[in-house]
Each structure stands twice: as C-alpha cells, then as structure tokens.
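Dear colleague,

I am passing the structure on to you with this message, and my notes on it come after it. Please read them with the model open beside you.

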Amino acid sequence: MFLGTHSPRLDEKGRLILPAKFRDELGNGLVLTRGQERCIYVFSQREFERIHEQMREAPISSRQARDYIRVFLSGASDEMPDKQGRVTIPAALRAYAGLDRELAVIGAGSRAEIWDATAWADYLEEKENSFSETDDNAIPGLL
C-alpha cells in the first residue's frame, strides 16, 4: 500500500528518485500513465495488469469507456528503476502533468501519484476545506 507525501526533485534528465518506502513494491518494474487531475499515476506491474483486466470487461460499445481506455493506455510507459531507485518520467508525461523540478509524490493506496509540487499544494488546499465536510455517502461504510 502506498502512503504518505514525499518531496523528491526532478533531475535534468527527467528522473526522480522513488521514495525508499515505495521501492520494494516498484523495484521490479512499474507503469506510469496519465492520471486524473493532471498528475501521473504510478502502478506496480501487478496492479496495472489487474486494472487492465478490469478495462477489458468494459463494453466496447461504450464511447466513454473507449475514450477513457485510449487516453489511459496511450499515455502508459513501462519503466524499470535503476540501482539508485531512479525512474525516468517520459517527456510527454512530464508535459501532461506540468512537472517542474519540485515534485510531490503521494501515496494513494494501490497507486502512487506524481504531482508538480505547486499543483499538489493548490489541490490539497482546495480539497482540505471540504474534507471535514465529507459525509458517509461519499465512501459508504468507511467511517
């Protein structure tokens, strides 16, 4: 499970050092792809395969499903961290997420997310205000 917030920097070659606590899960390969809210989703190979299997169940007759799958999979990139735990973020994904040098890598349970640090701070500030007002209908049975 991916938890917490980490603040790595993007180097001049478009690489970031994965948070140490994420390396065991991602050390044998990972998949980067477009995330919603203009971040990058980071999945272990195993989790990405599970999600892909769910996508295969979507009806091909659904335009919304086809559109989502196309955008999600066309932006996907298989990556292998190097011995120092660095992973290269492809230029197209860096542009999509508007990444600058300062990053926020957050744990989101079954995936990690890579955000531009400023974009993450703005998002978090906006969402923290409504966080305390979330009722039990948003995530049934959670609390």
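What follows is a description of selected contacts, taken one neighbourhood at a time.

Please keep in mind that this is a predicted model, in which local features need a pLDDT of at least 70 and side-chain atom pairs count only at pLDDT 80 or more, while totals for chains, interfaces and linings use all residues. Residues are numbered from 1 along each chain as its sequence is written, and side-chain values use heavy atoms, with hydrogens and water left out.

I begin with the charged pairs. Side chains of opposite charge can pair when their charged atoms come close. Taking a salt bridge to be a side-chain nitrogen of Lys or Arg within 4 Å of a carboxyl oxygen of Asp or Glu, the count comes to nine. One of them joins Arg 111 to Glu 113, with N and O 2.8 Å apart. Glu 113 belongs to strand S8, residues 112-116, where strands are DSSP runs of E with at least two residues and helices are runs of H or I with at least four, both numbered from the N terminus. Glu 113 has a relative accessible area of 7% and is therefore buried, whereas Arg 111, at 22%, is partly exposed; here buried means under 20% relative accessible area, exposed means over 50%, and partly exposed lies in between, with a 1.4 Å probe and protein chains only. Apart from residues up to four places away in sequence, Glu 113 touches Cys 39, Ile 40, Tyr 41, Ala 104, Val 105, Ile 106 and Ala 108, a contact being heavy atoms within 4.5 Å.

A second salt bridge, at 2.5 Å from N to O, is formed by the side chains of Arg 50 and Glu 47. These two residues are three apart in helix H2, residues 45-56, so about one helical turn separates them. Arg 50 is partly exposed at 40%, but Glu 47 is buried at 14%. In another salt bridge, Glu 126 pairs with Lys 127, their closest N and O atoms being 3.3 Å apart; Glu 126 is exposed at 52%, and Lys 127 is partly exposed at 36%.

Glu 47 also takes part in an arrangement with Ser 44, which lies in strand S4, residues 40-44. A polar atom of the Ser 44 side chain is 3.1 Å from the backbone nitrogen of Glu 47. Ser 44 itself is buried, with 3% relative accessibility, and, leaving aside its neighbours within four places in sequence, it is in contact with Glu 25, Leu 26 and Gly 29.

Turning to helix H5, residues 117-131, its 15 residues should span 21 Å at 1.5 Å a residue, and the end C-alpha atoms are 20 Å apart, which agrees; the expected span is 1.5 Å times one less than the number of residues. The N-terminal end of H5 is capped by Asp 116, a side-chain oxygen of which lies 3.2 Å from the backbone nitrogen of Thr 118.

The aromatic residues come next. Rings of Phe, Tyr and Trp (its six-membered ring) pair if their centres lie within 6.5 Å, and planes under 30 degrees apart count as stacked, over 60 as edge-to-face and the rest as tilted. By this rule there are nine aromatic pairs. The rings of Tyr 41 and Phe 43 have centres 5.9 Å apart and planes at 85°, so this pair is edge-to-face, and both residues are buried. Phe 43 also pairs with Phe 48 in a tilted arrangement, with 5.9 Å centre to centre and 55° between the planes; Phe 48 is buried at 12%. Ring pairs link Tyr 41, Phe 43, Phe 48, Tyr 68 and Phe 72 into a cluster.

Tyr 41 has a charged partner as well, since the charged end of Arg 111 sits over the Tyr 41 ring, 4.4 Å from its centre. The charged end of Arg 34 sits over the ring of Tyr 96, 6.0 Å from the centre. The rule asks for NZ of Lys or CZ of Arg within 6 Å of the ring centre and within 35 degrees of the ring normal.

Finally, there are two backbone angles to look at. Most residues other than glycine have a negative phi. Glu 37, although not a glycine, has a positive phi of about 65°, and Arg 38 has a positive phi near 60°. Glu 37 lies in the loop between strand S3 (30-34) and S4, as does Arg 38, and Glu 37 is exposed, with a relative accessible area of 51%.

With best wishes

Terms used: A polar contact is a pair of N or O atoms within 3.5 Å; within protein, one must be able to donate a hydrogen and the other to accept it, and residues adjacent in sequence count only if both atoms are side-chain atoms.
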